[in-house]
Amino acid sequence: MRENIKPGTSDGEKGKLTELMEKSKLKPSPYVEEFHSLMQELIGTLIAQACEMSAFIYQKYCIEEKSIKEISETIHVPQNAVELMAQYYEEKMK
């Protein structure tokens, strides 16, 4: 399968693989489908939380000019993680 989808593979060879997959009509395991669904939810949640934390740190650090220690204590996140985001914002504001 890897050989058929790597760059440089002709469309004819890719078509053969697609045709073979369609003919096999294998039904995915319900466990795989459940795992896939759970991973989608988890990744979505993690992305949303990262965005929220980033926005919060931007608000507190860049706009309200709170200290890294203060922010860290407010959101219960290690200071080095807050500092890393603060450094990112400082670099972008230059």
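Q: Buried means under 20% relative accessible area, exposed over 50%, and partly exposed in between (1.4 Å probe, protein chains only). So what is the relative accessible area of Lys60?

A: Lys60 has a relative accessible area of 21%, so Lys60 is partly exposed. One caveat up front: this is a predicted model, where local features need pLDDT of at least 70, side-chain atom pairs need 80 or more, and totals for chains, interfaces and linings use all residues. Residues are numbered from 1 along each chain as its sequence is written, and side-chain values use heavy atoms, without hydrogens or water.

Q: Which residue forms a salt bridge with Lys60?

A: Glu64 (a salt bridge is a side-chain nitrogen of Lys or Arg within 4 Å of a carboxyl oxygen of Asp or Glu). The closest N and O atoms of Lys60 and Glu64 are 3.1 Å apart.

Q: And Glu64, what's the relative accessible area there?

A: It is 33%, so Glu64 is partly exposed too.

Q: How many salt bridges are in the whole structure?

A: The search finds 2. Besides the Lys60 and Glu64 pair, Lys94 forms one with Glu91.

Q: How far apart are the closest N and O atoms of Lys94 and Glu91?

A: They are 3.8 Å apart.

Q: Are Lys94 and Glu91 buried or exposed?

A: Both Lys94 and Glu91 are exposed.

Q: New topic. How many helices and strands does the chain have?

A: There are 5 helices and 0 strands (DSSP runs numbered from the N terminus: helices are H or I with at least four residues, strands are E with at least two). Along the sequence, the pattern reads α-α-α-α-α.

Q: How much of the chain is buried?

A: Buried residues are 13% of the 94 residues.

Q: What share of the contacts comes from residues 24 or more positions apart?

A: Among contacts with a separation of 6 or more, the share is 31%. Contact means heavy atoms within 4.5 Å.

Q: Now the packing. At what angle do helix H3 and H4 pack?

A: About 140°, with the axes 10 Å apart. Helix H3 covers residues 30-63. The axes are lines fitted to C-alpha atoms over the stretch in contact, and angles run from 0 to 180 degrees between N-to-C directions.

Q: What does that make H3 and H4 to each other?

A: They are oblique, therefore (under 35 degrees is roughly parallel, over 145 roughly antiparallel, 65 to 115 roughly perpendicular, and the rest oblique).

Q: Which residues make the contact?

A: From H3, Met53, Phe56, Ile57, Lys60 and Tyr61. From H4, Ile68, Ile71, Thr74 and Ile75. Lys60 thus appears in this contact and in the salt bridge with Glu64.

Q: And H4 with helix H5, what angle and axis distance?

A: H4 (residues 68-75) and H5 (residues 79-93) pack at about 125°, with axes 9 Å apart. That makes H4 oblique to H5.

Q: Which residues meet there?

A: H4 brings Ile68, Lys69, Ile71, Ser72 and Ile75. H5 brings Gln79, Val82, Glu83 and Ala86.

Q: Stay on Ala86. Is that residue buried or exposed?

A: Ala86 sits at 1% relative accessibility, so it counts as buried. Its place is in helix H5.

Q: What does Ala86 touch, not counting residues up to four places away in sequence?

A: Ala86 touches Tyr61 and Ile68. Tyr61 is one of the H3 residues in contact with H4.

Q: How far apart are Ala86 and Ser54 in sequence and in space?

A: They are 32 residues apart in sequence and 9.3 Å apart in space, C-alpha to C-alpha.
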